[in-house]
Amino acid sequence: MAGMQLSGAVAVASSNLRSPGVTSTSSCTLRWSSSQMLGPLDRHWNKQRSFLVVRNNLSLFSQVQKEVAPLSDQYSNDWLLRRGSVPTEDLTARLASKDDTDAKPDGYTLQHDFLQDSKLARANLEENNRRTTNPFNIIFVSAEVAPYSKTGGLGDVCGSLPVALASRGHRMMVISPRYWSGPGDTRYAGAFDTQVRIKIGCFNGEHEVAFFHEYRAGVDWVFVDHHSYHRPGTPYGDTRGSFGDNQFRFTLLCHASCEAPLMLPLGGYTYGEKCLFIANDWHAGLVPIILASKYRKHGVYSGSRCILAIHNLAHQGVEPATTFNSLGLPSNWYGALEWVFPTWARTHALDKGEAVNHLKGAIVTADRIITVSQGYAWEITTQEGGYGLDGLLRSRKSVINGITNGVDVDEWDPATDKYIASQYTLEDLSGKAECKAALQKELGLAVRPDVPFIGFIGRLDYQKGPDIIQAALPELMTDDVQMVMLGSGESAIESWMSQAEFQHKDKFRGWVGFNVPLSHRITAGCDILVMPSRFEPCGLNQLYAMRYGTVPVVHSTGGLRDTVEDFNPFANGGQGLGTGWTFSPISKEAFMGALRTAIGTYRDHGDSWKGIMCRGMSQDFSWDRAALQYEQVFEWAMIDPPYA
């Protein structure tokens with residue numbers, strides 16, 4: 001990537017920051033300092049100010065237009081083809097035509113087209129390709145993994161994808177902390193102590209960690225045990241906020257993860273040096289840096305590669321620069337994590353804005369980068385969605401791929417769901433009407449099959465857009481509809497839900513909290529599911545909804561745009577195409593426009609509505625399908641020498 005120019009934040013090569021183990025073209029040598037750069041949301045001493053700026057920029061996200069240099073100025077044909085970034089048959093035509101954006105909708109540019117061209121093939125799962133012909137030793141490193149620990153989508157991915165990959169013939173190890181909240185905690189009852197102990201040098205001392213192991217579903221589940229993981233709360237904090245020693249806790253995880261394949265004789269033998277590491281989010285961000293700075297220079301892991309999986313770019317693991325010396329890394333690798341905040345984001349005149357950024361360090365050292373949807377792969381390269389890292393990510397866009405998350409087809413299956421009133425299938429939809437009637441009765445609403453029933457499930461925070469629903473509700477309640485909202489979060493939204501239920505007793509219900517059985521019943525019983533998220537790396541609720549024949553109405557962003565196809569009644573010879581509706585920009589007016597169209601279609605065009613339902617239910621968002629796409633990236637990662 002020599003000669004590639006970065007726009008947005010300014011990158012200045014600094015020779016004294018270069019590590020002997022990094023080539024002259026490596027982004028590890030970049031020092032970031034720009035008055036245009038956004039601070040990450042999780043910088044603890046300036047969180048609120050950064051949040052407001054990011055929020056203001058995200059409100060303009062749907063109107064983004066970027067100017068991108070011609071592809072032929074940045075890439076050679078051979079270089080692109082070797083990485084599988086552009087289909088062979090399309091490359092010549094694309095390079096010959098520098099401006100083909102005339103027919104594209106707003107927000108799409110040549111840069112977005114390039115990322116669309118790199119979209120991975122969704123190969124059919126046939127009997128002859130259900131087992132890989134090129135198995136890898138794969139190490140997943142994650143702060144959470146379901147069912148042992150879970151706060152969101154990260155835990156779902158790391159609990160399901162390894163099982164799908166193992167079923168295809170890969171040897172899989174998943175490494176996560178062994179959280180323990182007290183004597184009654186039985187989450188790790190099936191894991192046994194391997195009796196392997198190692199000492200990790202970091203944070204001004206040597207810290208001994210143990211490894212616990214459980215073999216389940218063809219996967220080696222390995223849990224790093226240390227007393228810092230033994231406390232009540234979530235993996236990241238408790239009711240008083242984030243834990244103050246999270247950097248220490250996840251530094252231990254990263255060092256232990258690099259030792260585990262060499263030290264643990266699982267099944268009688270170790271994984272060895274030729275492994276493929278998947279580092280998930282900032283918590284595992286030190287893994288590619290440790291591999292490059294501490295192991296490869298001694299000839300260890302020279303045949304291994306590391307892929308960074310970004311689930312949410314907003315969380316980057318930013319800490320004061322003085323903590324670098326505690327990370328157990330060689331001093332000449334400071335440049336890989338170095339981060340300088342712009343002047344406006346500093347707390348006082350003497351604040352130099354110097355910090356270390358774990359996710360940035362992973363971006364500049366990983367061999368490839370994966371995001372959880374194709375749309376999000378593009379969004380993180382824009383100033384509005386890049387949270388200050390957009391310049392770096394644009395410089396590495398040739399190795400960025402988006403793969404839509406799968407869903408647990410056993411847990412979310414209307415034919416077998418134990419939480420819903422009546423099971424149903426694509427061939428027999430009669431049970432869905434029974435689910436709707438049962439949900440209306442449970443919530444104390446009139447049991448009416450003709451009324452459009454609208455649902456919302458999600459956190460009540462700025463990202464998920466409940467304020468858009470709040471603004472639209474007075475207008476929506478003038479129509480003959482019913483609505484239910486399930487979620488918890490900002491106290492102001494929770495209070496509003498209670499007030500709205502009081503004002504609209506016969507039409508609206510608000511359930512504050514989270515209830516898994518109820519979320520299944522809402523997904524099955526509603527006709528429409530709304531997701532006005534301002535940004536959504538992937539999103540799962542729209543996938544669940546389509547699987548249950550519930551039609552999604554979503555903001556056109558990230559994974560929502562990738563997975564929900566706008567309904568077109570005139571396509572396919574008048575039979576129609578599409579699985580729902582998307583809207584943009586993120587506003588009450590756009591939201592209501594799409595929702596009213598959906599309501600009108602439900603009332604007046606029953607055949608079209610049934611077609612939308614059936615097309616949604618026939619979609620394949622299984623983890624088996626996603627595993628095929630991950631394998632393509634694994635093979636590309638092994639083609640080149642290590643990036644750092």
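Student: How many bridges join strand 17 to strand 18, and in which sense do these strands run?

Tutor: This is a predicted model, in which local features need pLDDT of at least 70 and side-chain atom pairs pLDDT 80 or more, while totals for chains, interfaces and linings use all residues. Residues are numbered from 1 along each chain as its sequence is written, and side-chain values use heavy atoms, without hydrogens and water. Strand 17 covers residues 453-457; strands (E, at least two residues) and helices (H or I, at least four) are DSSP runs numbered from the N terminus. Two strands pair if DSSP finds at least two bridges between them, and strands 17 and 18 are joined by 5 bridges and run parallel.

Student: Which residue of strand 18 stands opposite I454?

Tutor: Strand 18 comprises residues 482-487. Within this strand, the residue opposite I454 is M483.

Student: With which further strand does strand 18 pair, over how many bridges?

Tutor: One contact is the position of L486, which stands opposite W511 in strand 19. The partner, strand 19, spans residues 508-512 and pairs with strand 18 in the parallel sense; the number of bridges is 5.

Student: Is strand 18 mostly covered or mostly open, and how many of its residues are buried?

Tutor: A residue is buried under 20% relative accessible area, exposed over 50% and partly exposed in between (1.4 Å probe, protein chains only). In a regular strand the side chains alternate between the two faces of the sheet. On one side of strand 18, Q482, V484 and L486 are buried, and on the other side M483, M485 and G487 are buried as well. The strand is thus mostly covered, and its count of buried residues is 6 of 6.

Student: What is the omega of the peptide bond from A146 to P147, and where does P147 lie?

Tutor: P147 is found in the loop between strand 3 (137-141) and helix 6 (153-167). The bond from A146 to P147 is cis, with omega near 5 degrees.

Student: Which residue follows S584 across a cis peptide bond?

Tutor: Its location is the loop between strand 22 (581-583) and helix 19 (588-604). The bond from S584 is cis, with omega near 5 degrees, and leads to P585.

Student: What phi does Q195 have, and is this residue buried or exposed?

Tutor: Most residues other than glycine have a negative phi. Q195, in strand 5 (residues 192-201), has a positive phi of about 70 degrees although it is not a glycine. With a relative accessible area of 59%, Q195 is exposed.

Student: What is the phi of N572?

Tutor: N572 is found in the loop between helix 18 (558-563) and strand 22. N572 is not a glycine, yet its phi is positive, at about 60 degrees.
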